Amino acid sequence: MNPEKRRPLIFDIHRYALDDGPGIRTTVFFKGCPLNCIWCHNPEGIASEPELFHQPKNCILCGDCLSVCPEGAITINGCVRINRKLCNGCGLCAAECPGKAMTIKGRYYEPEELVGIILKDKRFFEHSKGGVTFSGGEPTQHCLYLGQVLRKLKDNGVHTALQTCGFFHWDLFETELLDMIDLIYFDIKCLDPDLHLQFTGQSNTNILANFSKLVYMAHSKLTCSIPVISGFTAELGNLKSIAEFIGSIDHLPYRLLPYHPGAIIKASAIGKDAAPNLFAHSIALEKYRDIVKIFDTIVKKKLTGFGGQGSGIGDRGAGIRDKGNSRKTLITSHDK
Ligand code: SF4
Ligand code: SF4
């Protein structure tokens, strides 16, 4: 189904975010993504439908959820079990749950309502040179809706950023969004099309075509985000090819994003298994520093005439902060 025809759902609104762009930000997470990355940091953002999110640590085993579930999807035997095949995401159990162990991820907001929530923090945005960041999932699955929201935010002078996997319909993106986004964090995961398909479930042809158009039309808004996932994207050949690619474009900022193991807990909360050994694949901070150094060196070597683009290791956020869905940037190279 064309995602533009679905009602956009939002699974989180994170106020006072510090890792999703300059200043203090409100980050809005859209549900639904055309990719299905093995290491996804926000697995609850992949499906477009509402999903039951169960956190056993909050459960007091009261049984209220079991008694209201119309589908018989819940059993309790020392702990709560959910039969995901029977669960339709109706949310009745979440409404009853006293400990908030059950919540539903995915809610529709009228554009005015969403803008109202974002504007609550306008003063913080102004003082910190912050703003709003749209993330997910993939916000560009809903260009028409997002365009409406962005127009209202720009009328109010709010700085706007987008985090995108790059898999979007260019014409809609250009018409509805491009002029109203100040900063675009564009994911580059793999340049090899086969590896990209293997890791994300989608080819990168459309992604790289969109990236090229943005370099040509909106270079100054663009920052590359490169997830560094041991066992997957962190393979030296892959990082080298991305570094050379970035180095071939003048003045293109980039940031390296490490894997966040919190994603494993979130996957389990929606009844999914994370890829085996993802946690074991996490890279120690020291190794990240080495990777960033090598990456910066390759980028600089590739650059001609505009030296100094990769600014070495800027470890804003190196003291790991737990901010829910935000993708933590332990090490940021040349952040805007
Ligand atoms: S969301 Fe609805 S169907 Fe699913 S477990 Fe809760 S009450 Fe049952
Ligand atoms: S209603 Fe909530 S707290 Fe009670 S058993 Fe169900 S999940 Fe646990």
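This talk describes a predicted model, beginning with its ligands and continuing through its strands and helices.

Good morning. I shall start with the two ligands. Which residues come closest to ligand 1? Its surroundings comprise 14 residues, and the closest are Cys69, Cys87, Cys90, Leu92 and Cys93. Sorted by class, this shell contains 10 nonpolar, 3 polar and 1 charged residues.

Ligand 2 also has its list. There are 14 residues around ligand 2, and those that come nearest are Cys59, Cys62, Cys65, Cys97 and Ala101. The shell of ligand 2 divides into 10 nonpolar, 2 polar and 2 charged residues.

I now turn to the strands, beginning with S8. Strand S8 covers residues 159-164, and 6 of its 6 residues are buried. A general point helps here: in a regular strand, side chains alternate between the two faces of the sheet. In S8, one side carries His159, Ala161 and Gln163, while the other carries Thr160, Leu162 and Thr164; all of these are buried, and both faces are thus covered.

What are the partners of S8? One of them is strand S7, residues 131-136, which pairs with S8 in the parallel sense over 4 bridges. Within this pairing, Thr133 has Ala161 of S8 as its bridge partner. Between S7 and S8 the chain passes through helix H5, residues 143-155, in a right-handed β-α-β crossover. Strand S9, residues 183-187, also pairs with S8 in the parallel sense, over 4 bridges. There, Leu162 stands opposite Ile184 of S9. The connection is again a right-handed β-α-β unit, made by S8, helix H6 (residues 170-176) and S9.

From S9 we may continue to S10. S9 and S10 pair in the parallel sense over 4 bridges, and Tyr185 has Thr223 of S10 as its bridge partner. Is strand S10 enclosed or open? In S10, residues 222-228, 7 of the 7 residues are buried, so the strand is largely enclosed by the rest of the structure. Leu222, Cys224, Ile226 and Val228 point one way from S10, whereas Thr223, Ser225 and Pro227 point the other way, and all of them are buried.

S10 is also joined to strand S11, residues 254-258, by 5 bridges, and the two run parallel. Here the bridge partner of Ile226 is Leu256 in S11. The chain travels from S10 through helix H9, residues 236-247, to S11, and this β-α-β crossover is right-handed.

Let us now consider the helices. The useful general point is that an α-helix has 3.6 residues a turn, so residues three or four places apart point the same way.

H5 has 13 residues and reaches 18 Å from its first C-alpha to its last, close to the 18 Å expected at 1.5 Å a residue. Its buried residues are Cys143, Tyr145, Leu146, Val149, Leu150 and Leu153. Why are they on the same side of H5? The reason is that they cover an arc of only 155° around the axis.

H9 can be examined in the same manner. The 12 residues of H9 should span 16 Å at 1.5 Å a residue, and the end C-alpha atoms are 16 Å apart, which agrees. The buried residues in H9 are Asn238, Leu239, Ile242, Ala243, Ile246 and Gly247. Viewed down the axis of H9, these residues fall within an arc of 165°, so they line one face of the helix.

Ala243 in H9 deserves a closer look. Ala243 counts as buried because it has 24 C-beta neighbours inside 10 Å, where the cut-off is 20 or more. Ala243 and Thr297 are 54 residues apart along the chain, and their C-alpha atoms are separated by 8.7 Å.

My last helix is H3, residues 111-119, in which Leu114, Val115 and Ile118 are buried. The buried residues fall within an arc of 100° when seen down the axis of H3, so they line one face of the helix. Which residues are exposed on the face turned away from the buried side of H3? They are Glu112, Glu113 and Gly116.

Finally, Ile118 lies in H3 and is buried, because 25 other C-beta atoms lie within 10 Å. Ile118 and Arg15 are 103 residues apart in sequence, yet 8.3 Å apart in space, C-alpha to C-alpha. Thank you for your attention.

Terms used
Residues are numbered from 1 along each chain as its sequence is written. Chains are lettered from A and ligands numbered from 1 in the order in which they are written. This is a predicted model: local features need pLDDT of at least 70, side-chain atom pairs count only at pLDDT 80 or more; totals for chains, interfaces and linings use all residues. A residue is near a molecule or strand if its C-beta atom, placed from the backbone, lies within 6 Å of it. Ala, Val, Leu, Ile, Met, Phe, Trp, Tyr, Cys and Pro count as nonpolar, Asp, Glu, Lys and Arg as charged, and the others, Gly among them, as polar. A residue is buried if 20 or more other C-beta atoms lie within 10 Å of its own, exposed if 12 or fewer, and partly exposed in between; C-beta atoms are placed from the backbone. Two strands pair if DSSP finds at least two bridges between them. A crossover is right-handed if, with the strands pointing away from the viewer, the path from the first strand over the helix to the second runs clockwise. The expected span of a helix is 1.5 Å times one less than its number of residues. The arc is that of the directions from the helix axis to the C-beta atoms.
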